[in-house]
Amino acid sequence: MDWTRRVFVRFAMVFVLAGVALSPGVGTASADSVQTFRNRATGLCLDDSNEVGLRTFPCNGLDYQRWNVHRWNDGTFQLRNVHTGSCLGVYKHPNGTWVPEAGTCRATPAYSWYSRRVSGGIRLWSEVVDTRCLWGDGHAVDGGRAVDLNSCIGGYEPAETVWF
């Protein structure tokens with residue numbers, strides 16, 4: 001089995017094994033796992049550094065690219081960066097658009113993500129922005145790419161929204 005398939009199978013198994021919640025209510029998580037998220041289109045990993053913030057960046061195995069995955073009993077996930085302790089979430093920009101961020105972890109829909117298996121990986125979308133998936137190929141940012149949200153329903157499902 002090649003390396004990318006092993007990573008995908010391992011990631012899928014973690015999501016399956018993490019499916020048993022300990023008790024009811026948002027904010028309750030099952031056993032955690034630590035994962036990296038590599039973008040299918042760019043090959044870059046989801047990265048949260050103190051200096052630059054949230055972006056995709058060449059994969060390097062450092063804790064900036066490792067995410068603690070909590071599965072809540074409602075089927076959503078919280079992704080907490082191992083190095084910074086920040087969680088992947090979304091906020092509403094003053095212009096009305098939703099923007100991904102790495103911020104203070106909260107047990108709220110803005111910091112909860114759904115995942116869906118697709119060919120070649122998974123898609124992640126925010127509980128509050130259910131028509132837009134995490135996009136890993138935005139404008140250039142300090143050797144990497146900006147992270148954004150992009151449409152991923154209705155037949156438009158670009159590779160930039162696939163993570164493995």
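**View 1. The side chain of Arg-55 reaches the backbone oxygen of Asp-142 at 2.6 Å.** This close-up, like those that follow, is drawn from a predicted model. Arg-55 belongs to strand E3, which covers residues 53-57, and with a relative accessibility of 7% the residue counts as buried, because that value is under 20%. Leaving aside residues up to four places away in sequence, Arg-55 touches Cys-45, Leu-46, Asp-47, Ser-49, Val-141, Asp-142, Arg-145 and Val-147.

**View 2. Asp-142 sits in the loop that joins strand E11 (140-141) to strand E12 (144-145).** Although Asp-142 is not a glycine, its phi is positive, at about 40°. The relative accessible area of Asp-142 is 57%, and the residue is therefore classed as exposed, since the value is over 50%. The backbone oxygen of this exposed residue is the atom that the side chain of Arg-55 reaches, whereas Arg-55 itself is buried.

**View 3. Arg-55 and Asp-47 form one of the three salt bridges that the structure holds.** The closest N and O atoms of Arg-55 and Asp-47 are 3.6 Å apart, which meets the criterion because a separation within 4 Å is accepted. Asp-47 has a relative accessible area of 2% and is buried, and Arg-55, at 7% relative accessibility, is buried as well. Side chains of opposite charge can pair when their charged atoms come close.

**View 4. Arg-145 and Asp-137 meet through their side chains in a salt bridge.** The distance from N to O in this bridge is 3.1 Å. Arg-145 is partly exposed, with a relative accessible area of 28%, and Asp-137, at 24% relative accessibility, also counts as partly exposed. Arg-145 is, in addition, among the residues that Arg-55 touches, which links this view to the first.

**View 5. Asp-63 and Arg-66 are joined by a salt bridge.** Here the closest N and O atoms are 2.9 Å apart. Asp-63 counts as partly exposed at 35% relative accessibility, and its partner Arg-66 is likewise partly exposed, with a relative accessible area of 32%.

**View 6. The charged end of Arg-40 sits over the ring of Phe-164.** The charged end of Arg-40 lies 4.1 Å from the centre of that ring. As for pairs between aromatic rings, the count for the structure comes to one.

Technical notes
Residues numbered from 1 in each chain as written. Predicted model: local features only at pLDDT ≥ 70, side-chain atom pairs only at ≥ 80, totals over all residues. Heavy atoms only, no water. Helix = DSSP H or I, 4+ residues; strand = E, 2+ residues; numbered from the N terminus. Buried < 20%, exposed > 50% of the residue type's maximum accessible area, 1.4 Å probe, protein only. Polar contact = N/O pair within 3.5 Å; in protein donor to acceptor, adjacent residues only side chain to side chain. Contact = heavy atoms within 4.5 Å. Phe/Tyr/Trp six-rings, centres within 6.5 Å; stacked < 30°, edge-to-face > 60°. Lys NZ or Arg CZ within 6 Å of the ring centre and 35° of its normal.
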